[in-house]
Amino acid sequence: MNSRLERLIWRRANHRCEYCQMPQEFDALPFQIDHILARKHGGKTIPRNLALACFFCNNRKGPNIAGRDVLTGRIIRLFNPRRDVWDEHFSWNNELLLGKTMIGRATISVLEINMQHRLTLRQALIAEGVFPPES
Ligand SMILES: [Zn+2]
């Protein structure tokens, strides 16, 4: 990936994970550029198929394109930062991320956004008054 494209993705995302909203500056591990539709499924390296993701979101997402909505049991596509509006699918309850839709819940589940060590980090940042970031 060329550095110009990489800079565009970082800037467009405001240096935050486009799934869990964590800013890179508060996360010890370097963020990665996610292929929303993975290369193995034919996803291209173009701006509309790319998103900035924290290490954990990207690592859990892998090549997944769908997950199970815990409420209905249905298999649902994952949140797409390029076509979906974050606030329509997710909301914060303190450090806990809640899915407002099937897409939101399936994404939280596959990306394990509410894993204990992530809750602990968000809790500390909330106490510092720096999370969630202002939109
Ligand atoms: Zn993330």
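Let's start with the zinc ion in this predicted model. Four cysteines hold on to the zinc ion through their SG atoms: C17, C20, C54 and C57, each lying 2.3 to 2.4 Å from the metal. The 4 donor atoms make angles of 102 to 116° and the site is tetrahedral. For four tetrahedral donors, the ideal angle is 109.5 degrees.

Written along the sequence, the donor spacing reads C-x2-C-x33-C-x2-C. Distant parts of the chain are linked here: C17 sits in the loop between α1 (3–12) and β1 (32–35), while C54 sits in the loop between β2 (50–53) and α2 (55–61), 37 residues apart. Are C17 and C54 buried or exposed? Both are buried.

Two of the zinc donors turn up again in the nonpolar core. The largest nonpolar core has 32 residues, and the ones that touch the most other members are C17, Y19 and C57. At least two core residues come from each of α1, β2, α2 and α4 (102–111). Which of these elements gives the largest share? That's α4, with 5 residues. As a general rule, nonpolar side chains in soluble globular proteins tend to be buried together.

Helix α4 is itself mostly covered, with 8 of its 10 residues buried. Among the buried ones are I103, A106, I108, V110 and L111, but R105 and T107 are on the list too. V110 also has a partner from far away in the sequence: its C-alpha atom is 5.9 Å from that of G67, although 43 residues separate the two along the chain. G67 belongs to strand β3 (residues 66–68). Why does G67 count as buried? Because its relative accessible area is 6%, and the cut-off for buried is under 20%.

For a contrast, look at R39 in the loop between β1 and β2. R39 counts as exposed because its relative accessibility is 60%, and exposed means over 50%. R39 and P63 are 24 residues apart in sequence, and their C-alpha atoms are 7.9 Å apart in space.

Now for the pockets. Here are the two largest, side by side:

| Pocket | Volume | Lining by class |
|---|---|---|
| Largest pocket | about 270 Å³ | 5 nonpolar, 3 polar, 5 charged |
| Second largest pocket | about 160 Å³ | 5 nonpolar, 2 polar, 3 charged |

In the largest pocket, 13 residues form the lining, and A13, C17, E18, Q21 and W86 are the closest to the centre. So C17 shows up here as well as among the zinc donors. The second largest pocket has a lining that includes I36, L37, K61, R77, F79 and R83.

A few spots in the backbone deserve a look too. Most residues other than glycine have a negative phi, and most peptide bonds are trans. Q21 is not a glycine, yet its phi is positive, about 70°. Q21 lies in the loop between α1 and β1, and it counts as buried because its relative accessibility is 16%. E112 isn't a glycine either, and its phi is also positive, about 50°. You'll find E112 just after α4, in the loop between α4 and α5. With a relative accessibility of 31%, E112 counts as partly exposed.

Where is there a cis peptide bond? Between F131 and P132, with an omega of about -10°. P132 lies in the segment after α5 (116–128).

Definitions and conventions:
Residues are numbered from 1 along each chain as its sequence is written. This is a predicted model: local features need pLDDT of at least 70, side-chain atom pairs count only at pLDDT 80 or more; totals for chains, interfaces and linings use all residues. Side-chain values use heavy atoms; hydrogens and water are left out. On a 1 Å grid over the protein atoms alone, a cavity is a set of points where a 1.4 Å probe fits but cannot get out, and a pocket is an open set with protein on both sides within 12 Å along at least five of seven lines; lining residues have an atom within 4 Å of a point. Grid points are joined across faces, edges and corners, and a volume is the space filled by probe spheres set on the points. Ala, Val, Leu, Ile, Met, Phe, Trp, Tyr, Cys and Pro count as nonpolar, Asp, Glu, Lys and Arg as charged, and the others, Gly among them, as polar. Donors are N, O and S atoms within 2.8 Å of the metal (3.2 Å for Na, K and Ca); water is not among the atoms, so sites may look incomplete. Four donors count as tetrahedral if all angles lie between 85 and 135 degrees; four count as square planar and six as octahedral if opposite donors are over 155 degrees apart and all others between 65 and 115; anything else is irregular. Helices (H or I, at least four residues) and strands (E, at least two) are DSSP runs, numbered from the N terminus. Buried means under 20% relative accessible area, exposed over 50%, partly exposed in between (1.4 Å probe, protein chains only). A nonpolar core is a set of buried Ala, Val, Leu, Ile, Met, Phe, Trp, Tyr and Cys residues joined through side-chain atoms within 4.5 Å.
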